[in-house]
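Work through these short exercises with the structure open beside you. Try each task before you read its solution.

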Amino acid sequence: MSHLELFPERLVADLERLPGAGHSFLKQVCAPDGQPIREGLERLAARQEESVARRVADLLGSLDNRRFFQGFSELSTLSVLQIGGWRARAMKQPGPRIALHHLTRPPMLLSVLAFLHQTRPGGEEETRRRLLDSLARVQSRQRFAVLVRRWLPHDFDPDPVRRAIELWLAQVHAGQWEGRYAAYEDENIALEFCLTGERARPRQSPVALTLGPFFAHRTLEVLEPKVVKELDRHMASPERNTPLLVACVADQPWAVNEGYIRDFLYGRASRISCESGRRELAFGGPPSVCAFRDPVYAAVTGVLLIDRVPADPVAVRARAWLNPWATQPLTPSDIGVRAFAEDPDATAAARKLPPLGGESGGEPVRVLRWHQDLGTRVELG
C-alpha cells in the first residue's frame, strides 16, 4: 500500500493561480470541479504497490498531457482489473509494464497504451452545429447533403464555407455547373456537398442531411500498429512466455466498428448464428491473418478497450476481447467486465455439427460471444 499523495493541497492551489495552461489535464483536474476525479485517483494510487504508485505520481504530476494521460490510463486500467481480482505487484522493465498477481490465476504482465484524440471532448458536436446553422442561411432553395471528411477544429469559422456554397448554388441555378457534387477543402477541414434534387419548402433548411466524419478506419490505422508493436516487443523479451494483457485507453469514446476489431484480433468468422437473441460467432478452419490466432502471439491473453466518457468524468468504460487460443486463456469471470470470449458449451455443440467449408482442416472450431451479464462502466477508485 502506498502513502504517496498525488495532488497535494499546495500543488492544487498553485495550479489554480497559474495563468493559462487551460489545455492541461493536470490543471483541469486541479480545478474545483475536478475534486471527485482527484479523490478517485488518490484512492486508486493508495492501494498500489510502492513502485507503481511512484510511477503514476510522477506521470500525474506533469503538465504534459501525454505523460498525465499515461498515468491516468495505468491507474484506470488497474481499477478495471481489480474487479476480476487482479492486483499490481511491481513495475517491470523494459516497458514499463506492470506485473499482476491473482489469488487463483498465474501471474500476468500488463501493457497500457494511451491514446489522445486531437479534438476536444464534446467540441465536435458544437462545431458541427455552428456549421449547420450557418449553412441553413444559404440563399437558395436547392437542397443539398453535407459530408464531413475531416474533423472540424474547435475555432472553425463556417461563414467562408457558406459564402462558397452560395456561389456554387448560384452557378448551379445558372446552368454553369456540371454534375451534383462540390467540395470545400483547406488545411483544417474537408467537406463535400451533393445536390439532392429537392427544393426547400418555405422556412425549410436547404441542408437535407449531414454525414460523417467516418473515422473508424483511421482509428484502427492508429490502434492496430501500436498493439502489434507491443505484442512483438513482448515476444522479443526474456518474459515472452509470461501471459500478456494489453490495455488501450482513450481520452474519448472509441469510435471504431466492432467488426474491424474482431477481424484484427480473430479473423473472419466461419459462421454467425443468432439464437434466443444471442449472437454467436464461430472461428476455425484454415489459419487466418489476425493477431490472436497467430501461434507467435500465444502468450497474449487479450486486449482491453477502455475509454473516458466526457459526460461521466468519474468513471471509465471497459470492454475485453479475450484470446481463446492463448496458452493460458482468460475467462470473462477472470476479467470482470463485458467480454467477447469463448462459450465452452457452444463450442462443444458446434464441434458435433458437420463442418462448413471454411471450417474444414486447420484449427478446431471455437464459438465466441459477448457475455452480456458483465457491465462496462467502472468507477475510478
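**Exercise 1: Charged pairs**

The whole structure, a predicted model, contains 23 salt bridges.

Task: Find the side chain that Asp 133 meets in a salt bridge, and explain how the two residues are placed in helix H6.

Solution:
- Step 1. Look for the partner. Asp 133 pairs with Arg 129, at 2.6 Å from N to O.
- Step 2. Apply the cut-off. A salt bridge needs the nitrogen within 4 Å of the carboxyl oxygen, and 2.6 Å passes.
- Step 3. Place both residues. Helix H6 covers residues 123-135, and the two sit 4 residues apart in it, so about one helical turn separates them.
- Step 4. Check exposure. Asp 133 is partly exposed at 38% relative accessibility. Arg 129 is partly exposed too, at 41%.

**Exercise 2: Another pair, and a network**

Task: Decide whether Asp 263 is buried, partly exposed or exposed, and do the same for Arg 268.

Solution:
- Step 1. Confirm the contact. The side chains of Asp 263 and Arg 268 form a salt bridge of 2.9 Å, N to O.
- Step 2. Recall the limits. Buried is under 20% relative accessible area and exposed is over 50%.
- Step 3. Classify Asp 263. Its value is 25%, so Asp 263 is partly exposed.
- Step 4. Classify Arg 268. Its value is 65%, so Arg 268 is exposed.
- Step 5. Look further. Arg 377 bridges to Glu 379, with the closest N and O atoms 3.3 Å apart. Arg 377 is partly exposed at 45%. Salt bridges also join Arg 137, Asp 159, Arg 162 and Glu 166 in a network.

**Exercise 3: Cysteines**

Task: State how many disulfides the structure has, and explain why Cys 290 has no bonded partner.

Solution:
- Step 1. Count. The search gives 0 disulfides.
- Step 2. Find the closest sulfur to that of Cys 290. It belongs to Cys 248, 16 Å away.
- Step 3. Compare with the cut-off. A disulfide requires sulfur atoms within 2.5 Å, so 16 Å is too far for a bond.
- Step 4. Add the surroundings. Cys 290 is buried at 11% relative accessibility. Cys 30 is buried as well, with 1%.

**Exercise 4: A backbone angle**

Task: Say what stands out about the phi of Arg 203, and where this residue lies.

Solution:
- Step 1. Know the background. Most residues other than glycine have a negative phi.
- Step 2. Read the angle. Arg 203 is not a glycine, yet its phi is positive, about 70°.
- Step 3. Locate the residue. Arg 203 is in the loop between strand S6 (190-199) and strand S7 (207-211).
- Step 4. Check exposure. At 89% relative accessibility, Arg 203 is exposed.

Technical notes:
Residues numbered from 1 in each chain as written. Predicted model: local features only at pLDDT ≥ 70, side-chain atom pairs only at ≥ 80, totals over all residues. Heavy atoms only, no water. Buried < 20%, exposed > 50% of the residue type's maximum accessible area, 1.4 Å probe, protein only.
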